[in-house]
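Trainee: I would like a close look at a single part of this model. Please take one strand and go through its surroundings.

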Amino acid sequence: MTAHSLPERRAAAISRGVGLTTQIYAERAENAEIWDKEGNRYIDFAAGIAVVNTGHRHPKVMAAVRDQLDRFTHTCHQVVPYENYVSLAERLNQLVPGNFPKKTIFVTTGAEAVENAVKIARHHTKRSAVVAFAGGFHGRTFMGMALTGKVQPYKAGFGPMPGDVWHLPFPIDLHGISVDEAIAALDRLFKADLEPGRVAAIIVEPVQGEGGFYEAPRALVSRIREICDEHGIVLIADEVQTGFARTGKLFAMEHYGVDADLVTMAKGLGGGLPIAAVTGRAEMMDSPNPGGLGGTYGGNPLGIAAAHAVLDVIEEEGLCERAILLGNRLKQKLAGLRETVPEIADIRGPGFMNAVEFNVPGTHQPNAAYTNRVREEALKRGLILLTCGVYGNVIRFLAPITIGDDTFNEALGIMEQAMVAARG
């Protein structure tokens, strides 16, 4: 069948609940470029939502997967274990921030990693409550939905969420919410509704992903760490989107000088193959009984092999440093467009985890309509962009960190054209 029939086939075959950002049907991809079934070329500033930080089909990742494919593809580690699962856990135990003994489990998705982190925290503390932040995103499973601080489209219509989950405002200067206000809200929560001794965990994204790429202020992370220490609460850092060089560090928590007790990760770890993990304090990770953690596909050998190669590539190609370089160039370009594009309200993000927020010019009113027009105009010109934010007025930039300079410069030119064209 021809490519133009694919949207009709998809609509007839696939649940409407699986959203769609573009009508591009991929035929092949290489580094930061995708070609569709009709041969059209696109520059990919989505990277599968921060998955292929090392680029589509990085040769080293592909070679590692092929080698593993020739050996075996699945045994279930809980039945017949394998060495590279063990050695990847050893690597993450060393790489995840924290000068204390650590252990790791492997699962398949970011949401599954978050679910397991909550399980571990609850088992270790013998408590049930979990505190999260408005605007945070932690997955589409039921506990993930409960933790996520955004109703549409993630929670609407799905009925009661798991109980004992509480939300705090997330500090965003642009929106007039300070760190002091967020901490005061936690203090009110502890006084009015929730005994601190009943809280198992506080979970935070160092940079909110779906929520709008808002960076957690250092003062917030430090204060939350102090509160967790004071009350015996587990601090969970959700690094599913921030991990693996995206922010200019292997893990975003390295920017803060304080350590989480448990870290969830996925996306960039597998370089395009499904793998996720929880790494944390050994005594916490060892709390659940044997069989309490795991999963049939957790730590699939192909994903494990890919992850080893991804870590090698990040180190060998200096991708943390390159993320900072690319992010600075992108933010400089956006700053130069402020006079031409008065809709620009904010430019932000560490490393190459960057975003631009659009408001109605001269106001604080979010401009979701203009944001979507920018995305559409960019797509017409061959650049894939993603929107995000509680108000839908943020464009996030998630190109592979391995993107070539010529391709990157071409994308910046398209971005400028799209922003100007979207103004009408």
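Mentor: What follows is a description of strand 8 and its partners. This is a predicted model, in which local features need pLDDT of at least 70 and side-chain atom pairs count only at pLDDT 80 or more, while totals for chains, interfaces and linings use all residues. Residues are numbered from 1 along each chain as its sequence is written, and side-chain values use heavy atoms, with hydrogens and water left out.

Strand 8 covers residues 234-238. Strands (E, at least two residues) and helices (H or I, at least four) are DSSP runs, numbered from the N terminus. Five of the five residues of strand 8 are buried; buried means under 20% relative accessible area, with exposed over 50% and partly exposed in between (1.4 Å probe, protein chains only). In a regular strand the side chains alternate between the two faces of the sheet. Here both faces are covered: Val 234, Ile 236 and Asp 238 are buried on one side, and Leu 235 and Ala 237 are buried on the other.

Strand 8 has a parallel pairing with strand 7 (residues 199-204), over four bridges; two strands pair if DSSP finds at least two bridges between them. In this pairing, Ala 237 of strand 8 has Val 204 opposite. Strand 8 also pairs in the parallel sense with strand 9 (residues 262-265), over three bridges. There, Asp 238 has Thr 264 of strand 9 as its bridge partner.

Finally, the connection: strand 7, helix 8 (residues 218-231) and strand 8 form a right-handed β-α-β unit. Right-handed means that, with the strands pointing away from the viewer, the path from the first strand over the helix to the second runs clockwise.
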